[in-house]
Amino acid sequence: MIAVLLLILGFLLGAFILIPQVHKSGGTKKVESTASNKKVSKIYSKADVLVHNKKTDCWIIIKDKVYDVTSYVEEHPGGDAILAHAGDDSTEGFYGPQHATRVFDMIDDFYIGDLER
């Protein structure tokens, strides 16, 4: 009887440990675009990007790639400067002298597709 109770208790404890981990990893997973891990890119027109020009919905274009930086707008060290080209091409500003080299690593996290040519 004790062995059966211990077995049931062990099963329940294992379930409580595994279920939250499965739930956490079960959400949408962001795939980074790297040379070793290619992702099929969505193509956006300039008109598609143009409508995302607000603090609460901010897309930018950098070198013909489209990035959704909405979640970063509040954290941007330059304040609202990121909104100067919201919904438009931000290539020149992105490569300006005010950015540390770490932004080049960070930007891939926001990549959502390519600009239509």
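This text walks through a set of strands and the salt bridges around them. The model is predicted.

Start with strand β3, residues 57-62. Is this strand mostly covered or mostly open? It is mostly covered, with 5 of its 6 residues buried.

Now look at the partners of β3. On one side in sequence comes strand β2, residues 53-54. Strands β2 and β3 run antiparallel and are joined by 2 bridges. Asn53 stands opposite Cys58 in β3. A hairpin of 2 residues links β2 to β3.

Next comes strand β4, residues 65-68. Strands β3 and β4 also run antiparallel, and 4 bridges join them. Here Ile62 stands opposite Lys65 in β4. These two strands form a hairpin too, with 2 residues between them. One residue in that turn is Lys63, which has a positive phi of about 50°.

Now turn to charge. Side chains of opposite charge can pair when their charged atoms come close. How many salt bridges does a search of the whole structure find? It finds 5.

Take Lys46 and Asp88. Their side chains meet in a salt bridge, at 3.6 Å from N to O. Lys46 lies in helix α2 (residues 46-50), while Asp88 lies in the loop between β4 and α3 (91-94), so the pair ties together parts that are 42 residues apart in sequence. Lys46 is partly exposed, with a relative accessible area of 46%. Asp88 is partly exposed as well, at 31%.

The β3-β4 turn returns in the next pair. Arg117 forms a salt bridge with Asp64, and their closest N and O atoms are 3.8 Å apart. Asp64 sits in the loop between β3 and β4, and Arg117 in the segment after β5 (111-115), so this pair connects parts 53 residues apart in sequence. Arg117 counts as exposed, at 86% relative accessibility. Asp64 counts as partly exposed, at 32%.

Lys65 returns too. Which residue does Lys65 pair with in a salt bridge? The partner is Asp114, with the closest N and O atoms 3.6 Å apart. Asp114 belongs to strand β5 and Lys65 to strand β4, so the contact ties together parts that are 49 residues apart in sequence. Asp114 counts as buried because its relative accessibility is 18%, and buried means under 20%. Lys65 is partly exposed, at 34%.

One more group remains. Lys55, Glu74 and Asp80 are joined into one network by salt bridges that share partners.

Notes
Residues numbered from 1 in each chain as written. Predicted model: local features only at pLDDT ≥ 70, side-chain atom pairs only at ≥ 80, totals over all residues. Heavy atoms only, no water. Buried < 20%, exposed > 50% of the residue type's maximum accessible area, 1.4 Å probe, protein only. Pairing = 2+ DSSP bridges. Salt bridge = Lys/Arg side-chain N within 4 Å of Asp/Glu carboxyl O.
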